[in-house]
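User: Hi! Could you walk me through this one? I have a few quick questions.

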Amino acid sequence: SEAKKTLESVSETIERAEGTTEKLCSYFAEDSKTCQTSFIFQVLLKFFLQINSSREALARKQQSLRKKSFVRVPISDSEKTNDLDESSIRQVVIGRRSRIRANQT
């Protein structure tokens with residue numbers, strides 16, 4: 001009755017788990033009789049952690065390179081005044097752009 005159905009369900013679940021374990025061991029070229037799935041999962045976990053660590057290191061390196069590629073051009077004395085007219089501002093911007101390009105090469 002109810003207990004028998006539960007027992008059959010548990011038996012089916014165990015059989016599926018054993019079949020999956022055999023497939024997992026076979027996938028990693030291990031003997032399913034001697035292979036312990038906990039060992040495989042430890043290896044997979046270490047691999048996953050190394051991938052994450054590598055991704056984080058790459059992200060830090062890329063961030064560092066972005067910071068290094070950002071060019072800071074010092075403000076010249078002619079740019080320090082606040083009372084520049086429009087044409088003077090254009091000249092300052094053009095001058096800064098040319099200095100930035102010169103620093104990038």
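User: Where does Ala29 sit?
Analyst: Ala29 lies in the loop between α1 and α2 (37-69). Helices here are DSSP runs of H or I with at least four residues, strands are E runs of at least two, and both are numbered from the N terminus. Keep in mind that this is a predicted model, where local features need pLDDT of at least 70, side-chain atom pairs count only at pLDDT 80 or more, and totals for chains, interfaces and linings use all residues. Residues are numbered from 1 along each chain as its sequence is written, and side-chain values use heavy atoms, with hydrogens and water left out.

User: Is Ala29 buried or exposed?
Analyst: Exposed, with a relative accessible area of 71%. The cut-offs are under 20% for buried, over 50% for exposed and partly exposed in between, using a 1.4 Å probe and protein chains only.

User: What is the phi of Ala29?
Analyst: Positive, about 55 degrees, although Ala29 is not a glycine. Most residues other than glycine have a negative phi.

User: And the helix before it, what does α1 look like?
Analyst: Helix α1 covers residues 2-27, so 26 residues, and reaches 37 Å from its first C-alpha to its last. That is close to the 38 Å expected at 1.5 Å a residue, where the expected span is 1.5 Å times one less than the number of residues.

User: Switching topic: how many aromatic pairs are there?
Analyst: The structure holds 1. The ring centres of Tyr27 and Phe28 are 5.1 Å apart and their planes are at 85 degrees, so the pair is edge-to-face. Rings of Phe, Tyr and Trp (its six-membered ring) pair if their centres lie within 6.5 Å; planes under 30 degrees apart are stacked, over 60 edge-to-face, and the rest tilted.

User: How exposed are those two?
Analyst: Tyr27, which is found in helix α1, counts as exposed at 67% relative accessibility. Phe28 is partly exposed, at 33%.

User: Which helix has the lowest mean pLDDT?
Analyst: Helix α3 (residues 86-104), at 70, while α1 has the highest among the elements, 89. pLDDT is the predictor's confidence in each residue, from 0 to 100. For the protein, the mean is 79, and 73% of its residues reach 70 or more.

User: What about the overall fold?
Analyst: There are 3 helices and 0 strands, in the pattern α-α-α along the sequence. Buried residues make up 6% of the 105 residues.
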